[in-house]
Amino acid sequence: MFIDRVKIFIKAGCGGNGCTSFYTEKYVNNGGPDGGDGGKGGDVLFEADARMSSLLDFKYASHFRAEDGEKGSGRYCHGKAGKPLIVRVPCGTVIKDEESGGIIADLTEDGARVTVLTGGRGGKGNARYKSSRRQAPAFSQLGEPTVERCVILELKTIADVGLVGYPNVGKSTLLSSISAAKPKIANYPFTTLSPNLGVVRVRDHSFVAADIPGLIDGASDGAGLGIDFLRHIERTRLIVHLVDISGSEGRDPYEDYKNINRELKAFSVKLAALPQIVALNKAELLENDVKVKEFARKVKVPCVPISAATRQGLTQLLDTVWETLSALPPAEPLDFEPFVYPARNTEGFSISRDDDGAFEVTGGMIEELARNVVLSSYDSFAYFQKKLRDEGVIKALKKAGAAEGDTVRIMDVEFEFVE
């Protein structure tokens, strides 16, 4: 089964919690705080792997989560950082954010890596909060949480030459004749259900050719298999357009040629502008070369009569392909502005009123503040109150109509508002 587009969910590891601990040892009084920091959460990376040819693995596993950081411990021991998660994908995979459609990365070379999500920071242990005024802080910081993201993986086959044409014009037969590829060959439409790649050798040179499943009229609008596989020739540098010059399927060769080019242009103007060589296949069925000459007069690109079945004209075709390829620049990667997930917001707040009349305070600053507060600790709660005043939350609550005794809800905590 060939899969070239999947949706998966990824999540970086959360940071480990800081530790609240005090040094204890025989004959040592008031050892003081010695809680260590939590470890950083693991990152999520994607790596191109030339050994993979499709996204089939992701059909059965769609959730990928990096390891969380370990919590800190006593005696200033920091928690272990979470292991990064490396997600391997085929070369030519484009990674997109599902919500915005922004392109995160285009992995074209074997071993290429990109970090898509960064793990959460570890929380500070209580040893970090010791000061001249706070000798024994009985609180520590929680690790930074992370958010699950949804991404689209889209495979665009990497090949120098793309073989296009109507079903049954002989693309698979040609590929099997010029390379070691063994595509399925049969005399019915849509025999090929996925792109096939083959390495073609021309004397001391070689190039990669891709057999693109049959296109038909309306392919760019979703008809047939074309819309599923047109993306696989976007990276090619040269198109070899196969035409059944014998008309054995009852179609006009020149009309076939025009229709396929129309579909290429409808899908991508850039794709339609790629250099083309027309391979006039099944020439062995012709009694003379009249049809070949007539077709060549109508088009403005090189035409080579061939027989993929008997190998007639293949040497001339490969020479023409290599001569054209060698004069073309290398394939360019996608031109895009990389999409980067924004860092976690730790600023700002907003106040709303719930149906029960309580005032609810939300926002990045509140979420960050919650990491630093342990309400059971007097020192921590005092810091919490001071931060609310300093950041203008108390003033904003008054402006919103909060009065003595009203309920204020911050995260999972409720308390009465006091002037």
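This report describes the nonpolar cores, one helix, the aromatic pairs and the salt bridges of a predicted model.

**Nonpolar cores**

The largest nonpolar core has 36 residues, of which Val 161, Leu 174, Phe 207, Leu 317 and Val 321 touch the most other members. Two or more residues of this core come from each of strand E9 (161-164), helix H2 (171-178), strand E10 (196-202), strand E11 (205-211), strand E12 (238-244), helix H4 (253-267), strand E13 (276-281) and helix H7 (314-326), and H7 gives the most, with 6 residues. Leaving aside residues up to four places away in sequence, Val 161 touches Phe 207, Val 208, Ala 209, Ala 210, Thr 236, Leu 238, Val 240, Val 321 and Leu 325. A second core, separate from this one, consists of 27 residues and includes Val 6, Leu 55, Ile 95 and Leu 107.

**Helix H9**

Helix H9 comprises 13 residues, 378-390, and because each residue should add 1.5 Å, the expected span is 18 Å, which agrees with the 18 Å between its end C-alpha atoms. Ser 380, Phe 384 and Leu 388 are buried in H9, and, viewed down the helix axis, the buried residues fall within an arc of 80 degrees, so they line one face. This spacing follows a general rule: an α-helix has 3.6 residues a turn, so residues three or four places apart point the same way. Tyr 378, Arg 389 and Asp 390 are exposed, on the face of H9 turned away from its buried side. The cover over the buried residues of H9 includes helix H8 (364-371), helix H10 (393-399), strand E17 (407-410) and strand E18 (413-416). Just after H9, Gly 392 adopts a positive phi of about 85 degrees.

**Aromatic pairs**

The count of aromatic pairs comes to 7. In one of them, Tyr 254 and Tyr 257 have ring centres 6.3 Å apart and planes at 25 degrees, so the pair is stacked; these two residues are 3 residues apart in helix H4, a separation of about one helical turn. Tyr 254 is partly exposed, with a relative accessible area of 21%, whereas Tyr 257 is buried at 11%. The rings of Tyr 254 and Phe 295 have centres 6.2 Å apart and planes at 80 degrees, so this pair is edge-to-face. Since Tyr 254 lies in helix H4 and Phe 295 in helix H6 (residues 290-298), the pair ties together parts that are 41 residues apart in sequence. Phe 295 counts as buried, at 3% relative accessibility, and ring pairs link Tyr 254, Tyr 257 and Phe 295 into a cluster.

**Salt bridges**

The structure holds 27 salt bridges, including those in the table.

| Salt bridge | N to O distance |
|---|---|
| Glu 148 and Arg 65 | 3.2 Å |
| Arg 344 and Glu 144 | 3.7 Å |
| Lys 156 and Glu 154 | 3.3 Å |

The bridge between Glu 148 and Arg 65 links distant parts of the chain, 83 residues apart, with Glu 148 in the loop between strand E7 (113-117) and strand E8 (149-155) and Arg 65 in strand E3 (residues 63-65). Glu 148 is partly exposed, with a relative accessible area of 32%. The bridge between Arg 344 and Glu 144 also links distant parts, 200 residues apart, with Arg 344 in the loop between H7 and strand E15 (350-353) and Glu 144 in the loop between E7 and E8. Arg 344 is partly exposed at 25%, while Glu 144 is buried at 11%. Lys 156 is buried, with a relative accessible area of 8%, and Glu 154 is buried with 6%. Salt bridges that share partners join Arg 5, Lys 96, Glu 154, Lys 156 and Glu 234 into one network.

Note on methods
Residues numbered from 1 in each chain as written. Predicted model: local features only at pLDDT ≥ 70, side-chain atom pairs only at ≥ 80, totals over all residues. Heavy atoms only, no water. Helix = DSSP H or I, 4+ residues; strand = E, 2+ residues; numbered from the N terminus. Expected span 1.5 Å × (residues − 1). Buried < 20%, exposed > 50% of the residue type's maximum accessible area, 1.4 Å probe, protein only. Arc of directions from axis to C-beta. Contact = heavy atoms within 4.5 Å. Core = buried A, V, L, I, M, F, W, Y, C linked by side-chain atoms within 4.5 Å. Phe/Tyr/Trp six-rings, centres within 6.5 Å; stacked < 30°, edge-to-face > 60°. Salt bridge = Lys/Arg side-chain N within 4 Å of Asp/Glu carboxyl O.
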